[in-house]
Amino acid sequence: MNFELKSLTTAAAAREKCDLLLVLTTAASAQGSDALSALVAHALKAGDFETGAGKQLPMYNLPAVAARRVLLVGAGSGSARDVRQAVAAVASAFKAPGVAKAVLCFAFETQGPALAAAVLAASDACYTYTLTKSKPQLPTLQKLVFAAPAHASLAPAFKIAQAQVHGMDLAREWANRPANHATPSMLAEAARGLAKLPGISCKIHGPAEVAKLGMGAFMAVAQGSAQPLRFIELHYNGGAKGAAPQVVVGKGITFDSGGISLKPAADMDEMKYDMGGAASVLGLFQALGELQPAVNVVGLIAACENLPSSTAVKPGDVVTSMSGQTVEILNTDAEGRLVLCDALTYAARFKPAALIDIATLTGACVIALGGLRSGLFATDDALATALQSAGDTAQDPCWRMPLDEEYGEGLKSNFADMGNVAGRAAGSVTAAKFLQRFVGDTSWAHLDIAGTAWKSGAAKGSTGRPVGLLLHYMLAQESRGAAGKPATAKARPAAGKTAAKRASTAARTAAGKSPAATPVVTEAKAAAPARTRRSKPAQA
Ligand code: BES
Ligand code: MN
Ligand code: ZN
């Protein structure tokens, strides 16, 4: 799918040759003097159309419009939220037969956030999973033009939104792939593919290296499977040499059966999504490679399968983590924290400015927050605030949860330094308390994305979250570095200039052209029908 941004008035958008013209309309849209605005005013007055977000009026063969099909779409107040809802409501129009080129026109003054919202919603509508279909439904839509009256904020916001959706599509694609098409080794190859982007390098550690590092907790989870584990290390160096990196750690359980503490059969297929944290790390690096912000980022992924077998770890087994702390594995289904604890210990060697792990960690988090907001746990208020505001900006929100000392009391064990589970109460918090024992004094945050990484039911599929949150957090770190920290000012040519500023230049020269896809990136294609979810609630 090719997205392009054009500065166009409503009248000019009406002259664009295309198969479908979508006209996003607010009450203010009726005030213009062009033919479309007059039409909107007429339809509103006649009561045939309302501007509430997602309301529609289809039209055909209008004399003043180049496109055969025209769809008036209510955009509510024109806010980012309403625009996202409006574009999501017309998802099926993008897939109508015979629509190869569409123009999405803002018939009102709009700025970056609303444009970004439209890009996100359109990309959502256009993603199609095809890898394991013998006769995939190929999309007819090839090009989508976003047309809006000129505003300085549009080009930079468009560039960032495009990088965000490319990252989200990569995360979505890998998360959607069945576990036999997304093994730990395949994830490692995907990471290697990302190292083709400028500023990115990649190192893959196999079982021998992981054993040498002493990652006994990670190895214990992997030991039940014939698929060898992979510990993936990605580096993006866009900031000053030696500047402390942001470190992100993704849970990469490519299938979580529960192990000997076997899960029930119902919906167990969805445990292919248990590498959603890892997928978001890959997606983040895709976007970083595209935007080249002046920040240093390390990405770590602990990837393995959690299966029962004669070699599997057993309830009651005690293992020694890389930190030296011993863990009694009381429940082999609480495996995410076991692979993460060793990755968090490893992360300390980078002396992180901040350490953020992302994991589909607990069913309890789904109960607490549903599918709207990811759970956020943080030892540092400034980091928590930065992640919350990044989530709000990216329309990928999270909600802060507590970390009181008392929540950790249930983790005690008679046979090791700690057990890997506490009681049923506050399960997402006790899981976070377990992780906290492995981060020392580092400024740390944990995102529990169990509810937000994918949707269940008829619309089953990955959401690509929280790539948007992570990307916007990284971009905010860049602005801070460029403004305040002298250490980052004299880095590569890119440093000192924010991604947004560079993006505005880039967007002028290469509007709408996405960079060459890496071998691991699967092209986004036309959409699957928007349906409701059953067991997991709807996405934000
Ligand atoms: N991957 C699951 C968490 C999960 C479950 C995410 C359902 C999304 C939907 C995790 O490994 C797990 O099994 N956690 C257990 C922990 C328990 C044994 C303490 C859980 O949440 O039930
Ligand atoms: Mn589990
Ligand atoms: Zn799991």
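# Chatting through the metal site and side-chain pairs

User: How exposed is D333, by relative accessible area?

Analyst: D333 is partly exposed, at a relative accessible area of 22%. Keep in mind that this is a predicted model. The cut-off for buried is under 20%, so D333 falls outside that class at 22%.

User: Thanks! And E335, buried or exposed?

Analyst: Buried, with a relative accessible area of 1%.

User: Which residues coordinate the manganese ion (ligand 2)?

Analyst: D256 and E335 each give side-chain oxygen (OD and OE), while D333 contributes both O and OD. These donors sit at 2.1 to 2.2 Å. Along the chain, their spacing reads D-x76-D-x1-E.

User: What's the arrangement around that manganese ion, and why?

Analyst: Irregular, because the angles subtended by the six donor atoms run from 71 to 168°.

User: OK, over to the zinc ion (ligand 3). What are its protein donors?

Analyst: K251 through NZ, D256 and D274 through OD, and E335 through OE, lying 2.0 to 2.4 Å from the zinc ion. The spacing in sequence is K-x4-D-x17-D-x60-E.

User: And what arrangement do the six donor atoms around the zinc ion make?

Analyst: Octahedral, with angles of 79 to 175°.

User: How far apart are the manganese and zinc ions, and which residue coordinates both?

Analyst: They are 3.2 Å apart, with D256 coordinating both. As for accessibility, D256 is buried, and K251 is buried too.

User: Let me ask about S261. Where is its place?

Analyst: S261 is in the loop that runs between β9 (246-256) and α9 (276-291).

User: Which residues is S261 in contact with, leaving aside neighbours within four places in sequence?

Analyst: P315, N331, T332 and D333. That last one takes us back to the manganese ion, since D333 is among its donors. S261 itself counts as buried, with a relative accessible area of 19%.

User: Switching topic: how many disulfides does the structure hold?

Analyst: Zero. Two cysteines you might look up are C341, buried at 0% relative accessible area, and C398, buried at 2% relative accessibility.

User: How many salt bridges does a search of the whole structure find?

Analyst: It finds 18. One of the pairs is D19 with R68, at 3.7 Å from N to O. That pair links distant parts of the chain, 49 residues apart: D19 is in the loop between α1 (10-14) and β2 (20-25), and R68 is in the loop between β3 (56-60) and β4 (69-74).

User: And D19, buried or exposed?

Analyst: D19 is buried, at 16%, whereas R68 counts as partly exposed at 32%.

User: Which residue forms a salt bridge with D169?

Analyst: R172 does, with the closest N and O atoms 3.4 Å apart. Both partners lie in helix α5 (residues 154-176), and they are three residues apart, so about one helical turn separates them. D169 is buried at 7%, and R172 is buried at 4%.

User: Nice. How far apart are R192 and E189 in their helix?

Analyst: Three residues, in helix α6 (residues 184-194), which is about one helical turn. Their side chains meet in a salt bridge at 3.3 Å, N to O. R192 is partly exposed at 41%, and E189 is partly exposed at 43%.

User: Which residues do salt bridges that share partners join into one network?

Analyst: R84, D124, D169 and R172.

User: Last topic, rings. How many aromatic pairs are there in the whole structure?

Analyst: Eight. Take F3 and F146: their ring centres are 5.3 Å apart and the planes are at 75°, so they are edge-to-face. F3 sits in strand β1 (residues 2-7) and F146 in strand β6 (residues 143-148), so the pair ties together parts 143 residues apart in sequence. F3 is buried at 6%, and F146 is buried at 0%.

User: What about the rings of F218 and F231, how are they placed?

Analyst: Their centres are 6.3 Å apart and their planes are at 65°, so this pair is edge-to-face. F218 is in helix α8 (residues 216-222) and F231 in strand β8 (residues 230-237), 13 residues apart. F218 is buried at 0% relative accessibility, and F231 is buried with a relative accessible area of 0%. Together with Y346 and F350, F218 and F231 form one aromatic cluster.

Technical notes: Residues numbered from 1 in each chain as written. Chains lettered and ligands numbered in written order. Predicted model: local features only at pLDDT ≥ 70, side-chain atom pairs only at ≥ 80, totals over all residues. Heavy atoms only, no water. Donors = N, O, S within 2.8 Å, 3.2 Å for Na, K, Ca; no water. Tetrahedral: all angles 85-135°; square planar, octahedral: opposite > 155°, others 65-115°. Buried < 20%, exposed > 50% of the residue type's maximum accessible area, 1.4 Å probe, protein only. Helix = DSSP H or I, 4+ residues; strand = E, 2+ residues; numbered from the N terminus. Contact = heavy atoms within 4.5 Å. Disulfide = S-S within 2.5 Å. Salt bridge = Lys/Arg side-chain N within 4 Å of Asp/Glu carboxyl O. Phe/Tyr/Trp six-rings, centres within 6.5 Å; stacked < 30°, edge-to-face > 60°.
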